[in-house]
Amino acid sequence: MKTELSTMILARIRDIPDYPQPGVLFKDITPLLDDPVAFAAVVDELAGLHQVDKIVGIEARGFILAAPVAYRAAAGFVPVRKKGKLPAATLEASYDLEYGSATIEVHADAFQPGDRVLIVDDVLATGGTAEATVELVSRAGAEVVGVAVLMELAFLKGRERLTGVDTHALVIV
Ligand code: AMP
């Protein structure tokens, strides 16, 4: 059954075919961000999922959601960025993409031992990014209590790469 929230979200995520490359159906969340009622409902829902010390946002669209969620949840915000963007000492994790690989980083001192962390991103696709982020945050000494996304693309089976991690999607398509 569709909830009011999922209906509101689905009506405000736009499909852009063949972006950024042919064959990809890009989920554009800008119409949702542009709607103050929908944006606030999404942030409130994500902020209420878990009691945590830190919210991790995944570059770049994850930042847009994770920062207000951290504020709402009275938690800290920690950015996970593409390699080379963070100024202080980092830990890194690499993962495979369809073509090539990617490396993400987090500041080595971003967490206190045992910090409870929720990882937030906009879209869960193949799960490679979220899986690498879970590994990175765990290696940095924190406890990952969950991964939360606005939208899960179920046909890409990203959830299967997150076994043992509480994975929550506000909408699943
Ligand atoms: P993946 O590692 O395959 O789960 O990809 C997740 C990351 O890529 C997220 O940070 C998303 O922002 C982005 N992403 C992947 N597929 C899409 C898509 N179809 N539409 C929008 N963003 C996507």
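In this predicted model, the hairpin of β5 and β6 has four residues between its strands. One residue to look at here is Gly100, which takes a positive phi near 85°. The two arms of the hairpin, β5 (residues 90-96) and β6, run antiparallel and are joined by seven bridges. Glu92 has Glu105 of β6 as its bridge partner.

Strand β6 itself spans residues 101-107 and is mostly covered, with six of its seven residues buried. Besides the hairpin contact, β6 also pairs with β4, again in the antiparallel sense, though here over two bridges. Glu105 turns up once more in this pairing, as the bridge partner of Arg81. So much for one side of β4; the other neighbour to consider is β3.

Strands β3 and β4 (residues 76-82) pair in the parallel sense, over five bridges. What connects them? Helix α4 (residues 61-72) joins β3 and β4 in a right-handed β-α-β unit. Within the β3/β4 pairing, Ile55 has Phe77 of β4 as its bridge partner. Strand β3 also runs parallel to β7 (residues 116-124), and four bridges join the two. There, Ile55 stands opposite Leu118 of β7. Put together, Ile55 is bridged to Phe77 in β4 and faces Leu118 in β7.

How covered is β3 (residues 54-58)? Five of its five residues are buried, so the strand counts as mostly covered. Going along the strand, Lys54, Val56 and Ile58 point one way, while Ile55 and Gly57 point the other way, and all of them are buried. The lysine at residue 54 is thus on the list of buried residues, along with Val56 and Ile58 on its own side.

Turning to the aromatic rings, the count comes to two aromatic pairs. One of them brings together Tyr19 and Phe26 in an edge-to-face arrangement, 5.2 Å centre to centre and with 85° between the planes. The two partners fall into separate burial classes: Tyr19 is at 46% relative accessibility and counts as partly exposed, whereas Phe26 has a relative accessible area of 18% and is buried. Why does Phe26 count as buried? Its 18% falls under the 20% cut-off.

The other pair is Phe63 with Phe77, also edge-to-face, at 5.9 Å centre to centre and 90° between the planes. This pair links distant parts of the chain, since Phe63 sits in helix α4 and Phe77 in strand β4, 14 residues apart. Phe77 counts as partly exposed because its relative accessibility is 33%, which lies between the limits of 20% and 50%. Phe77 is the residue already met above as the bridge partner of Ile55.

Finally, the ligand. There are 13 residues around the ligand, and those that come nearest are Asp121, Asp122, Thr126, Gly127 and Thr129. Polar contacts with the ligand involve both backbone and side-chain atoms. On the backbone side, a polar atom of Leu25 is 3.0 Å from a nitrogen atom of the ligand, and a polar backbone atom of Lys27 is 2.9 Å from a ligand nitrogen. On the side-chain side, Thr129 places a polar atom 2.5 Å from an oxygen atom of the ligand. Of the 480 Å² of accessible area that the ligand has on its own, the protein covers 83%.

Methods:
Residues numbered from 1 in each chain as written. Predicted model: local features only at pLDDT ≥ 70, side-chain atom pairs only at ≥ 80, totals over all residues. Heavy atoms only, no water. Buried < 20%, exposed > 50% of the residue type's maximum accessible area, 1.4 Å probe, protein only. Pairing = 2+ DSSP bridges. Right-handed = clockwise from strand over helix to strand, strands pointing away. Phe/Tyr/Trp six-rings, centres within 6.5 Å; stacked < 30°, edge-to-face > 60°. Near = heavy atom within 4 Å. Polar contact = N/O pair within 3.5 Å; in protein donor to acceptor, adjacent residues only side chain to side chain. Areas by Shrake-Rupley, 256 points an atom, 1.4 Å probe, with all protein chains shown as cover.
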